[in-house]
Amino acid sequence: MQGTVATFDPQTRTGVLLLDDGTELAFPARAFDASGLRLLRLGQRLRVEKNPDGEVVRVTLPTMA
């Protein structure tokens with residue numbers, strides 16, 4: 001699943017993605033921390049990984065494995 005960064009707070013390392021179907025999906029700091037990224041920009045495309053419970057566990061660039 002992929003989405004576009006709608007909001008990102010570098011202080012709390014949390015944000016909201018806008019999915020392709022228009023749904024907003026919030027991600028916690030631990031999902032950002034798991035990405036290995038240092039910063040996100042508004043409008044940037046991200047790949048979203050969820051656990052079986054549907055919780056966002058990692059956000060990464062679409063080109064990263």
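The following exchange asks how the labels on this predicted model are justified.

Reader: What kind of model is this, and how are its residues numbered?
Author: This is a predicted model, where local features need pLDDT of at least 70, side-chain atom pairs count only at pLDDT 80 or more, and totals for chains, interfaces and linings use all residues. Residues are numbered from 1 along each chain as its sequence is written, and side-chain values use heavy atoms, with hydrogens and water left out.

Reader: What makes S4 and S5 a pair of strands?
Author: Strands are DSSP runs of E with at least two residues, helices are runs of H or I with at least four, and both are numbered from the N terminus. Two strands pair if DSSP finds at least two bridges between them. S4 (residues 45–50) and S5 (residues 56–60) are joined by 4 bridges, so they count as paired. They run antiparallel. Glutamate 49 in this pairing stands opposite arginine 58 in S5.

Reader: What lies between S4 and S5 in the hairpin?
Author: There are 5 residues between them. In the turn, glycine 54 has a positive phi of about 90°.

Reader: Which strands are called edge strands, and why?
Author: The sheet is open, with 5 strands in the order S3-S2-S1-S4-S5 and antiparallel pairing. S3 and S5 are the edge strands; each pairs on one side only. S3 has its bridges with S2, 4 in number. One of the bridge partners there is glutamate 24 in S3, opposite leucine 18.

Reader: Why is the contact between aspartate 33 and arginine 13 called a salt bridge?
Author: A salt bridge needs a side-chain nitrogen of Lys or Arg within 4 Å of a carboxyl oxygen of Asp or Glu. Here the N to O distance is 2.7 Å, so the pair meets the definition. Aspartate 33 is in helix H1 (residues 29–33), while arginine 13 is in the loop between S1 (2–9) and S2 (14–19), 20 residues apart.

Reader: How do you know that arginine 13 is partly exposed?
Author: Buried means under 20% relative accessible area, exposed over 50%, and partly exposed in between (1.4 Å probe, protein chains only). Arginine 13 has 32% relative accessibility, so it counts as partly exposed. Aspartate 33, at 42%, is partly exposed as well.

Reader: What makes arginine 30 and glutamate 55 a salt bridge?
Author: Their side chains meet at 2.2 Å, N to O, so the definition is satisfied. Arginine 30 lies in H1 and glutamate 55 in the loop between S4 and S5, so the pair ties together parts 25 residues apart in sequence. Arginine 30 is exposed at 52%. Glutamate 55 is partly exposed at 31%.

Reader: Where else is there a salt bridge?
Author: Arginine 58 forms one with glutamate 49, with the closest N and O atoms 3.4 Å apart. Glutamate 49 is partly exposed, at 28%. The structure holds 4 salt bridges.

Reader: Why is a group of residues called a nonpolar core?
Author: Such a core is a set of buried Ala, Val, Leu, Ile, Met, Phe, Trp, Tyr and Cys residues joined through side-chain atoms within 4.5 Å. The largest one has 14 residues, and those with the most contacts inside it are Leu17, Phe27, Leu40, Leu46 and Val56. The elements giving two or more residues are S1, S2, S3 (24–27), H1, S4 and S5.

Reader: What does leucine 46 contact?
Author: Contact means heavy atoms within 4.5 Å. Leaving aside neighbours within four places in sequence, leucine 46 has contacts including Val5, Leu17, Leu37, Leu40 and Val59.
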